[in-house]
Amino acid sequence: MGLFSKNPFGHYLYIKKWLIRIFGVLSHRRYRGFNELHIEGSEIIKNLPNTNVLFVSNHQTYFADVTAMFHVFNASLSGRVDSIKNVGYIWQPKLNLYYVAAKETMQAGLLTRIMAYAGAITVERTWRSKGQDIKREVNIEDTDNIGVALKDGWVITFPQGTTKPFKPIRKGTAHIIMQHKPIVIPIVIDGFRRSFDKKGIRLKKRGILQSFQIKPALDFDYENDSIDDIVEKLEYAIEQHSSFLKVIPQEELDDMEKLNEKRKWEY
């Protein structure tokens, strides 16, 4: 990699590498120290191709979720098994790793703009803007950029588009899957909502067991599956289908709703 090498979006890889190194070192103890990240399925990461891989996950905070994924993916690629022990793995990070994020979130301040350089594919949300419900046409350039990123490497997306649990999967993710036919790897996380504030920057509570489960690739029948079929498979895979509500104690659901209401007024 030359000093002036760029990715398809014009970002200098040398700068991106140093940003990932710095954020990786600064955030490591949030997942191994202050709290403990329990990982399952890291062997799946090591066997993936270098490009056209889409990770789909439930969403609990703006930034702590994707930061954990950068840690787990790079640790797994360096040979660690279900572990992020010894942050040395971050010294040679995977540079063709991207994540989908709301444009207004990533443009909210200097820190988020710097974080965006580390791999954000920013998109305009079609259903919400500045805290208000809206209806906006899909920006074709946004979906094209996701295709460019898949052609170059791996992409992380949170298809619900919100940190609130059990919200509907956005059909845009299904359209991207149908169009680009990537390998789709589901991830289910938990504990981040209890560990961090909504933004995933401030550590809220220590001693939380965070879980990070990587599941085998989903199987799609591109000749017969409809967009709705793909959406339903994604809902089950990331454990956000409405049927999962039946096995969650009502007390826990009430606690989730109280927390979401509290966050509504805090941010």
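Begin by selecting α1 (13-27) and α3 (64-77), each of which supplies at least two residues to the lining of the largest cavity. As you go, keep in mind that this is a predicted model.

With those two helices displayed, turn to the space that they help to line. The count of cavities of 30 Å³ or more comes to 1, and the volume of the largest cavity is about 170 Å³. Of the 13 residues that line the largest cavity, I20, F23, T67, F70 and A118 are the closest to its centre, and these make a convenient selection for centring the view. Which helix gives the largest share of the lining? That share, 5 residues, comes from α1. If you colour the lining of the largest cavity by residue class, you will find 9 nonpolar and 4 polar residues, with no charged residues.

Next, hide the helices and select the open sheet of 7 strands, whose order is β1-β9-β8-β2-β7-β3-β4 and whose pairing is mixed. Its edge strands are β1 (36-40) and β4 (120-123), each of which pairs on one side only. Looking across this sheet, neighbouring strands are turned by 25° against each other on average, when direction is ignored.

From there, select β2 together with the strands that pair with it. Towards β8 (residues 183-190), strand β2 (residues 53-57) runs parallel and is joined by 5 bridges; here F55 has I185 as its bridge partner in β8, while V56 stands opposite P186 in the β8 strand. Towards β7 (residues 154-157), β2 pairs in the parallel sense over 4 bridges, and L54 stands opposite V155 in β7.

Keep β2 selected and restore the rest of the model around it. Is β2 largely enclosed by the rest of the structure, or is it open? Because 5 of the 5 residues of β2 are buried, the strand is largely enclosed by the rest of the structure. Both faces are covered, with V53, F55 and S57 buried on one side and L54 and V56 buried on the other.

For the last stop, select H241, which lies in the loop between α9 (227-237) and α10 (250-266). Why does H241 count as buried? The relative accessible area of H241 is 12%, and buried means under 20%, so H241 falls within that class. Adding S243 to the selection brings up a polar contact of 3.0 Å, which joins the side chains of H241 and S243.

Conventions: Residues numbered from 1 in each chain as written. Predicted model: local features only at pLDDT ≥ 70, side-chain atom pairs only at ≥ 80, totals over all residues. Heavy atoms only, no water. 1 Å grid on protein atoms, 1.4 Å probe; cavity = no way out; pocket = protein on both sides within 12 Å on 5 of 7 lines; lining within 4 Å. Points joined across faces, edges and corners; volume = space filled by probe spheres on them. Nonpolar A, V, L, I, M, F, W, Y, C, P; charged D, E, K, R; others polar. Pairing = 2+ DSSP bridges. Axes fitted to C-alpha atoms, helices over the stretch in contact; angles between N-to-C directions. Buried < 20%, exposed > 50% of the residue type's maximum accessible area, 1.4 Å probe, protein only. Polar contact = N/O pair within 3.5 Å; in protein donor to acceptor, adjacent residues only side chain to side chain.
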